[in-house]
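Work through the exercises below with the sequence and the model side by side. Each task is followed by its solution in steps.

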Amino acid sequence: MKNICIFFPEKKIGGGIYWLVRLAKELAKDNSYSVYYIDYKEGFARTLIDEEKDNVKFIDYDAKQRYCLFDEECTLVLPIHNLYRLPIVNPKSKVLFINWNNVCLPLLKRHCKFLRYDMNYFLMEIFSHNAQVFVDGTHRDKCNQICEINFKPNYIPLMMEHKEPLFVKNIINEDEINIAILGRIVPDKVHAINNVINQANNYKTDKKIIFHIIGDGVAKDKIKTRHSKKFEVRLCGVIKEDELDNYLLKNIDVLFAMGTSVLNGASVGIPSYIIPTENKPFNFNEFVFLPYTTDLITGFYPNQKDRFRLKTIKFEDVIEKIYINNQKYELGQQCYEYVNKNFTASFGCEQFKKALNDTTLSYTTVAQIKNIQEVKANAERKLPLKYKILDKIWRHNKRKTGDFKKLKFIEPVRYFILNKIETHLLNKGVIMEDLLSGFKEVSLPLSKSSTLVLKEFNRVYLFNKLHLFNILINNDTIQIEFKKEEKDFEFTFLDAVLLEFIIKFTRVKNKYDNLYLYLFGFIPFLKIETRTVPYEKMNPEPADFSSHKNVLKNLRKKYKSEEKINVLFFVSRISCFIWERLYNLFKNDSKFNVTICVIPFILDGQTEMEKQLNLTYNKLKEEGYNVIKVYDEKNDTYFDVANELKPDIIFHNKGWYRFLPRGYHVFNYPQCLNYIVEYGFSGAKNPDGHFNLDAHWLADKYFLPSKEHLNMAKELSKIKGKNCMFLGYPKFDNFFDKNYIPKDVWKPQEKKKKRIIWAPHWLFDGGDMYKTATFHEIYDFMLRLAEKYSDCVQFAFKPHPMLYKRCLNKTIDDKVWTEEVIDKYYKEWETKPNCQLEQGAFDDLFLTSDGMIFDSISFMAEYMVSGKPSLFTVCENSKLNFDSMGEKVYSKLYHTKNLKEDIENFINEVIIQENDYMKAERDKFVKQYLIPPEGGSAAKNIYNYIKGELNGK
């Protein structure tokens, strides 16, 4: 028999107690568990549990004595902020923490008087032992934001007792609007109540508005209770649970609440809306209809709305639905069904049992952590074993400061740095105890099925410049490495003063793949770089660009002497051709000779390279461009661009050297000006790949696709983005040109149909940084949808050019995808009456479509500028790792939670029914981040910039 001990001694009424009590009662029905509840003798939970009937035993809690439970092992369950009053139980017991409130971590820090690194250490212990569960997604999100640890979505939802439907179909009073706000009236919730009252105050109606405030608390005097003939606030106080349902049914038409309270109304068929909350007065006229939430959310902060893609509704629209459109019964029914599907005691109990089995956190560990005291600047204090690694590091560096024990500031610094390294490594899947088994080399305990990604090369800097050591990860081992040639350094008095205050005045910033620590919030103190390879090895052979410094000067002379300037545009695949408008601008200027060079794309082998080379060349030749192939497949020879065409300016659209033959990489052209516009709109979290390739450093200008990318370059580029500019993104020019008339590239149909693009990516078989493709999950499902909706929807299958190669000889659904299988699949899309295969440029396709289903990161923004809705597909194995711009774009898109179900919902609701409720947000985002400066086109802006450079302006 397993002993479960729930610890939450509390005398006041609260939704959390109801939740724990329901958990206890439901778990006690399973005879394999003995359930105990530790509470005050006059605790509120005792009024809700009948020990004999419910089979839950109470244990009296004495705050002074911290009651000893009994000698048997148990699993102790308690809210995480209650660590400070941890009861004494059998030391062999396990612990499971509950996070049910957005202020749990601030309370934890305050109650336990934790320093930042102490709390981080505690949370990493919990993380590594699967010892924390959440009530819903917003609480997990808030926790992740505060501690910068990505806790798993382990949810035990709030639970409601099943009730028979007691719907009231009619409005309570035709001359009144009767609204309830239910819940405790406490400081962290009173502003949410006032926000609802404010929205009602602003609503113009002939009916009288009556607010029924049900609940009590210390902050009730802060409720705005102004009355008028048309507006009344009634403070109803606490209504007992057995009387509450009857009161709601007889007096209320609509409920605004959060947490357990919003479920109370929904469980009896009252239309129920979740209210946003803040810890200060706020004005936010957006509420969430309970059945429209995600991640079991029953409460949210305004800034969480976008992250969870919550579909909100204004106060006036809620009232209109109920009092004008007469939808009270319909909305109440939806709420009732939603609660009985997602918040049942049986479902919550199953999740609870799983969490009890998964936690491996020992009570002894928790008790030790609880007793962590503030680290004193005292050299005599003995460090725990786990901090001795840093002792060795400090000794190895042989500081010139003499005996380091005499320096009081060294002790907390050692503690501090190692703690941050430990937190960082634990996030990457490394268990610190394994680092203790050896200073030079240790085993890395990761299973083959682990989804954690480890970088191979990590460097640790003090004050952002002083290189302390490297952490190398090779073949499942970790090695600490020091540079022999590094010089010793001497601490100054100022350093000592700063470090004395480091514990109190440091903030942590974990951005991209670096962990930054700032002293006083702005002085860089410690940086841990995590890299796949060191910067020095990222690019092939250092480029000799010493002769490049006079290129612009000489080119200006050539331009002024009326000699023609030779401009080349490099392109490797037709889908990456972004030069149309820029090419024409230079072509129509008599001072330039313009040529397009089709460069081999070598990543996928010879056959695919030749296929893409000829496809691109023939297409551009057909459209009248001055184009050459730089590769002769008959003789296997490459064209010498530098000597044959003598370029003065080259436009590149790929920085990755491994994609292209070495002869066409930036470092081979120091004799001309090099400009880069990447072919895809980057959104993945890959700072090296987007800002720190040699092409990015050597280019005369690196034209970035958005304002946010420019901000990122200034922080992440090793040269601080000094050669970066935002003048717009040429790929978007046709979308922003109101005079551009797209060609109708869709297959003719007998009648007008909605047009949907399906654009699957190729990265479904892994990747160090991200994997997005869902093709293997839905390839057959999408064909079935095309047949199902053939009467009203037309589909365009637009696979990534590399999808064909990546599917070749891959096993999907127990079937090996040979060329014959892939060709047959592609042919099916090409020949179905309402379908077509698209493998070329996409401007016209996008602009003439009605929506897109996709999983390519670059398409997130590239389709958004079309103004049409899109659905980003996510499956169970997807790994989305966005940079700051990617996060912003992704938050404005529709995306899947239940892959196939949500795809069909998107087709029906957003495309066919035209309910594109996120359009306004997307349009606002495009204007804020993507519109070219000064209202011109990106091509025109770049052309004018280069003309200005040649003119010496």
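**Exercise 1.** In this predicted model, is glutamate 828 buried, partly exposed or exposed?

Solution. Take the relative accessible area of glutamate 828, which is 31%. Buried means under 20% and exposed means over 50%. Glutamate 828 is therefore partly exposed. Next, look at its partner: glutamate 828 forms a salt bridge with lysine 832, with the closest N and O atoms 3.9 Å apart. Lysine 832 has 12% relative accessibility and so counts as buried.

**Exercise 2.** Find where in the chain the partners of the salt bridge between aspartate 295 and lysine 897 lie, and classify the exposure of both.

Solution. The closest N and O atoms of aspartate 295 and lysine 897 are 3.5 Å apart. Aspartate 295 belongs to the loop between strand S12 (287-289) and strand S13 (312-313), while lysine 897 belongs to the loop between strand S37 (894-895) and helix H31 (899-912); the two are 602 residues apart. Aspartate 295 has a relative accessible area of 17% and is buried. Lysine 897, at 54%, is exposed. A search of the whole structure finds 33 salt bridges.

**Exercise 3.** Which geometry does the ring pair of phenylalanine 134 and phenylalanine 151 have?

Solution. The ring centres are 6.0 Å apart, and the cut-off for a pair is 6.5 Å. The planes of phenylalanine 134 and phenylalanine 151 stand at 70 degrees, so the pair is edge-to-face. Phenylalanine 134 lies in strand S6 (residues 132-134), and phenylalanine 151 in the loop between helix H5 (137-147) and strand S7 (176-182), 17 residues apart. Phenylalanine 134 is buried at 0% relative accessibility, and phenylalanine 151 is buried at 3%.

**Exercise 4.** Why is cysteine 74 not bonded to cysteine 5?

Solution. The closest cysteine sulfur to that of cysteine 74 is in cysteine 5, at 5.2 Å. A disulfide needs sulfur atoms within 2.5 Å. The distance is therefore too far for a bond. The search of the structure gives 0 disulfides. Cysteine 74 is buried, with 6% relative accessibility.

**Exercise 5.** Which strands are at the edges of the open sheet S23-S22-S21-S26-S27-S28-S29?

Solution. The sheet has 7 strands in that order, with parallel pairing. Strand S23 (627-629) and strand S29 (724-725) each pair on one side only, and these are the edge strands. Within the sheet, 2 bridges join strand S27 (residues 673-676) to strand S28 (residues 701-703). One bridge partner to locate is lysine 701 in S28, which is paired with tyrosine 675.

Key. Residues are numbered from 1 along each chain as its sequence is written. This is a predicted model: local features need pLDDT of at least 70, side-chain atom pairs count only at pLDDT 80 or more; totals for chains, interfaces and linings use all residues. Side-chain values use heavy atoms; hydrogens and water are left out. Rings of Phe, Tyr and Trp (its six-membered ring) pair if their centres lie within 6.5 Å; planes under 30 degrees apart count as stacked, over 60 as edge-to-face and the rest as tilted. Helices (H or I, at least four residues) and strands (E, at least two) are DSSP runs, numbered from the N terminus. Buried means under 20% relative accessible area, exposed over 50%, partly exposed in between (1.4 Å probe, protein chains only). Two strands pair if DSSP finds at least two bridges between them. A salt bridge is a side-chain nitrogen of Lys or Arg within 4 Å of a carboxyl oxygen of Asp or Glu.
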